[in-house]
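Thanks, everyone, for making the time this morning. I would like to go through one protein with you, beginning with its overall build and then moving on to what lies inside, so please have a look at it first.

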Amino acid sequence: MQDIQTAVIRLVDRQNTALIGSVDEAGFPGIKAMLAPRLREGLKTFYFTTNTSSKRVGHYLRDSRACIYFYDRRTFRGVMLTGYMEVLTDSASKELIWREGDTMYYSGGVTDPDYCVLRFTAERGRYYKDFESVDFEI
């Protein structure tokens with residue numbers, strides 16, 4: 001199991017993008033490409049930046065069930081993590097992952113009301129490589 005988690009962490013850390021999934025108001029899944037997480041705590045917790053006004057934020061406020069997916073096109077390996085997404089708007093969370101240059105997206109700076117943090121907490125994962133999938137708990 002340790003080998004799988006090490007391989008998954010390497011895969012995640014090499015990606016520039018992540019796909020995040022949510023459940024819409026009609027109960028259907030939706031996927032969106034995002035920039036890679038700004039912060040990762042093992043395979044348990046991932047932090048993303050996004051607009052408070054985004055459709056995805058509305059989904060997570062109604063239903064926090066979520067997934068994130070990372071894949072390596074070169075090796076055709078991927079991992080899906082399932083769990084829950086929280087929408088954080090408190091100052092400490094926003095400052096935690098704020099980067100110089102983010103004003104390009106959030107003109108009001110770290111206090112911009114349209115800037116928020118998505119914190120994903122994983123419960124389990126599914127790793128795919130070499131035509132096999134392995135389920136694992138986080």
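In this predicted model, the secondary structure comes to 3 helices and 8 strands, and if you follow the chain from the N terminus, the elements come in the order α-β-β-β-β-α-β-β-α-β-β. The radius of gyration is 15 Å, close to the 14 Å that the globule rule gives for 138 residues, so the protein is as compact as a globular protein of that length. Along the principal axes, the C-alpha atoms fill a box of roughly 45 × 35 × 25 Å.

As for contacts, if we take those with a separation of 6 or more, 62% of them are between residues 24 or more positions apart.

Let me turn to the interior, where 40% of the 138 residues count as buried. The largest nonpolar core has 25 residues, and those that touch the most other members are Phe46, Phe48, Ile68, Val79 and Phe120. Among the elements that give two or more residues to this core are helix H1 (2-13), helix H2 (55-62) and strand E7 (115-129). Val79 is a useful example, since, leaving aside residues up to four places away in sequence, its contacts include Val8, Leu11, Ile68, Tyr127 and Phe136. Apart from that core lies another, of 6 residues, including Tyr47, Ile97, Tyr106 and Tyr115.

Finally, the outside: the accessible surface comes to about 8000 Å², and 51% of that belongs to carbon and sulfur atoms. The protein has 19 positive and 19 negative charges, and their mean positions are 4 Å apart.

Key: Residues are numbered from 1 along each chain as its sequence is written. This is a predicted model: local features need pLDDT of at least 70, side-chain atom pairs count only at pLDDT 80 or more; totals for chains, interfaces and linings use all residues. Side-chain values use heavy atoms; hydrogens and water are left out. Helices (H or I, at least four residues) and strands (E, at least two) are DSSP runs, numbered from the N terminus. The radius of gyration is taken over C-alpha atoms; the globule rule is 2.2 Å times the number of residues to the power 0.38. Buried means under 20% relative accessible area, exposed over 50%, partly exposed in between (1.4 Å probe, protein chains only). Contact means heavy atoms within 4.5 Å. Accessible areas come from the Shrake-Rupley method with a 1.4 Å probe; for residues, only the protein chains shown count as cover. Lys and Arg count as positive and Asp and Glu as negative; His and the chain ends are not counted. The place of a charge is taken as NZ of Lys, CZ of Arg, CG of Asp or CD of Glu. A nonpolar core is a set of buried Ala, Val, Leu, Ile, Met, Phe, Trp, Tyr and Cys residues joined through side-chain atoms within 4.5 Å.
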